[in-house]
Amino acid sequence: MTAARTPPLETVRALQAALAEAGVPSVIGGSGLLASLGLVDEARDWDLVLPAGSVETAERVLAALGLDATRAPEGHPRYATEAMLAVDAGDHSIDVLVGFAVRTARGVVAIPPGAGDTWRGLVMARADDWAVAYRAMGRDARAALLEGATPGGLSAGGHPPRGSAPPSS
């Protein structure tokens, strides 16, 4: 697989660095994580996951960077995330997920912002955390891709199922 196509990196790198400077760790999940592991050809946006309780700091950092963010209304049927902020980064979006959690028939599944490897200057999420997230969302093809992966890439001898590429998130 050739290098994955991604949205521009400058804004998400600056946001992740500013959050870290403000004491809020963050990780990139979603299709960006899949792209970092060579499991998809393209990521169309960035999903930046922050720990619960960091909404106010995230909003301050976004404002300080001059980034426009729209906060999604509470009570989403699929997500139990503390706050979902859609950031307009010009030609792409950055979804800031504070306290990321998914509603399932068995209850709420919290997805921790656990740090994996660094890729292209970004701190990436752990593949196993996002495999759980994708399963909880009912996106089994995406989960299957990640279940054979480790934070540094595919595990020894492990190959994700191939076939038609799942749609990007």
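**Exercise 1.** What volume does the second largest pocket have?

*Solution.* The model is predicted, so local features need pLDDT of at least 70 and side-chain atom pairs count only at pLDDT 80 or more, whereas totals for chains, interfaces and linings use all residues. Residues are numbered from 1 along each chain as its sequence is written, and side-chain values use heavy atoms, without hydrogens and water. A pocket is an open set of points on a 1 Å grid where a 1.4 Å probe fits, with protein on both sides within 12 Å along at least five of seven lines. For the second largest pocket the volume, the space filled by probe spheres set on the points, is about 220 Å³.

**Exercise 2.** Determine which residues line this pocket.

*Solution.* The lining (residues with an atom within 4 Å of a point) has 16 residues, with Asp47, Tyr79, Asp95, Leu97 and Met137 nearest the centre. By class, 10 are nonpolar, 1 is polar and 5 are charged. At least two lining residues come from each of β4 (83-88), β5 (93-98) and α4 (127-136).

**Exercise 3.** Trace the aromatic contacts of Phe100.

*Solution.* Rings pair if their centres lie within 6.5 Å; planes under 30 degrees apart count as stacked, over 60 as edge-to-face and the rest as tilted. First, Tyr79 and Phe100 form a tilted pair, 6.2 Å centre to centre with 40 degrees between the planes. Tyr79 and Phe100 are 21 residues apart in the chain. Next, the centres of Phe100 and Trp130 are 5.2 Å apart and their planes at 25 degrees, so this pair is stacked. Phe100 lies in the loop between β5 and β6, and Trp130 in helix α4. Finally, Tyr79, Phe100, Trp130 and Tyr134 form one aromatic cluster.

Terms used:
Helices (H or I, at least four residues) and strands (E, at least two) are DSSP runs, numbered from the N terminus. Ala, Val, Leu, Ile, Met, Phe, Trp, Tyr, Cys and Pro count as nonpolar, Asp, Glu, Lys and Arg as charged, and the others, Gly among them, as polar. Rings of Phe, Tyr and Trp (its six-membered ring) pair if their centres lie within 6.5 Å; planes under 30 degrees apart count as stacked, over 60 as edge-to-face and the rest as tilted.
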